[in-house]
Amino acid sequence: MKRRELLAAASTAAVALSGCARSASDTQPDDTASPVGTTVPLSKYDCPPNGPTEDPVVCSHTVDTDGADIYLLTNPTTHSETPTLTLHNDSSSDLEFNPFQWTVMQHQPSGWVPVEKRSSGNGRLVVATGETHSWTFEEVVNSINAQVTLDAGTYTASIDVPNPRGSNWIRCVALVRLS
């Protein structure tokens, strides 16, 4: 088996084990075809909503929390105030990572556009087995760009954490709608 095929197979298996597998019939919503002001339900977005990645991905809107070791949930998923993002560690290993390495993207008619990253802090956070850690969406955004003003819309906030089942990382993605 060639290296690329092996890596692709391993990534697919890891994503399925992480609770983010979607059926082939699921499709990405096409907001460009929707009238202005129409919102697509969050449950209709693919995982990850903004395209494929090399690392396994777990998304807040598709995760099976009973089967996933690590996942990020949004509470509430839609709100006029800033939502809370909570990372859950249900694995048998402590997670150690930089809690300031977020990527935030906004869904616009042209597609997913990154919020400008003006800073990326250094830090160390350990989320022990069976524990959680929470951030407000505002804290996440301010950790990468304290000057940005977010408009109403649909966003992703993603952070990479160690994969307890291997040597790679898992991207945890939260889908958020601001009104």
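# A guided tour from helix H2 outward

Begin by selecting helix H2 (137-144) in this predicted model. The elements that cover its buried residues include S4, strand S6 (103-108), S9, S10 and S11.

**Stop 1: helix H2**

Which residues of H2 are buried? They are Phe-137, Val-140, Val-141, Ser-143 and Ile-144. Turn the view until it looks down the axis of H2: the buried residues fall within an arc of 155°, so they line one face of the helix. As background, an α-helix has 3.6 residues a turn, so residues three or four places apart point the same way.

**Stop 2: the sheet beside the helix**

Next, select S2, S4 and S9, which form an open sheet of three strands in that order, with antiparallel pairing. S2 and strand S9 (132-136) are the edge strands, each pairing on one side only. From one strand to the next, the twist averages 20°. Helix H2 packs on this sheet, where it touches S4 and S9, and its direction makes about 75° with that of S9.

Now restrict the selection to S2 and S4, whose antiparallel pairing runs over six bridges. Select Leu-72 to find Leu-87 of S4 standing opposite.

**Stop 3: the largest nonpolar core**

Leu-87 leads into the interior. The largest nonpolar core has 29 residues, and those that touch the most other members are Leu-85, Leu-87, Phe-97, Trp-102, Val-104 and Phe-137. Two or more residues come from each of strand S2 (70-75), strand S4 (84-89), strand S5 (95-97), S8, helix H2 (137-144), strand S10 (153-162) and strand S11 (169-178). Which element gives the most to this core? It is S11, with five residues.

Select Val-104 to see one member of the core in its surroundings. Beyond its neighbours within four places in sequence, Val-104 is in contact with Val-113, Pro-114 and Val-115, with Phe-137, Val-140, Val-141 and Ile-144, and with Tyr-155, Thr-156 and Ala-157. Apart from the largest core lies another, of six residues, among them Val-40, Tyr-45, Met-105 and Leu-175.

**Stop 4: strand S11 and its partners**

Select S11 next. Is this strand largely enclosed or exposed? Eight of its 10 residues are buried, so S11 is largely enclosed by the rest of the structure.

Add S10 to the selection: S10 and S11 pair in the antiparallel sense over 10 bridges, and the two form a hairpin with six residues between them. Within this pairing, Ala-157 stands opposite Ala-174 in S11. Ala-157 is also one of the residues in contact with Val-104.

Then add strand S1 (residues 57-59), which runs parallel to S11 and is joined to it by three bridges. Here the bridge partner of Cys-59 in S11 is Val-173.

**Stop 5: the cysteines**

Stay on Cys-59 and select Cys-47 as well. These two cysteines form a disulfide, with their sulfur atoms 2.3 Å apart. The torsion about the S-S bond is about 85°, so the disulfide is right-handed. Cys-47 lies in the loop between H1 and S1 and Cys-59 in strand S1, so the pair ties together parts that are 12 residues apart in sequence. Both partners are buried: Cys-47 has a relative accessible area of 16%, and Cys-59 has one of 0%.

Where does Cys-172 stand in relation to the nearest cysteine sulfur? Cys-172 is in no disulfide, and the nearest cysteine sulfur, that of Cys-59, is 9.1 Å away. Cys-172 counts as buried, at 0% relative accessibility.

**Stop 6: a cis peptide bond**

Return to Cys-47 and select Pro-48 beside it. The peptide bond from Cys-47 to Pro-48 is cis, with omega near -10°. For context, most peptide bonds are trans. Pro-48 is located in the loop between helix H1 (3-18) and S1.

**Stop 7: Glu-116**

Finally, select Glu-116, in the loop between strand S7 (111-114) and strand S8 (125-127). With a relative accessibility of 48%, Glu-116 counts as partly exposed. Which residues does Glu-116 contact, leaving aside its neighbours within four places in sequence? The contacts are Ile-144 and Asn-145. Glu-116 and Ile-144 are 28 residues apart in sequence, while their C-alpha atoms are 7.7 Å apart in space. Ile-144 brings the tour back to its starting point, as one of the buried residues of H2.

How values were computed:
Residues are numbered from 1 along each chain as its sequence is written. This is a predicted model: local features need pLDDT of at least 70, side-chain atom pairs count only at pLDDT 80 or more; totals for chains, interfaces and linings use all residues. Side-chain values use heavy atoms; hydrogens and water are left out. Helices (H or I, at least four residues) and strands (E, at least two) are DSSP runs, numbered from the N terminus. Buried means under 20% relative accessible area, exposed over 50%, partly exposed in between (1.4 Å probe, protein chains only). Contact means heavy atoms within 4.5 Å. A nonpolar core is a set of buried Ala, Val, Leu, Ile, Met, Phe, Trp, Tyr and Cys residues joined through side-chain atoms within 4.5 Å. Two strands pair if DSSP finds at least two bridges between them. Axes are lines fitted to C-alpha atoms, for helices over the stretch in contact, and angles run from 0 to 180 degrees between N-to-C directions. The arc is that of the directions from the helix axis to the C-beta atoms. A disulfide is a pair of cysteine sulfur atoms within 2.5 Å.
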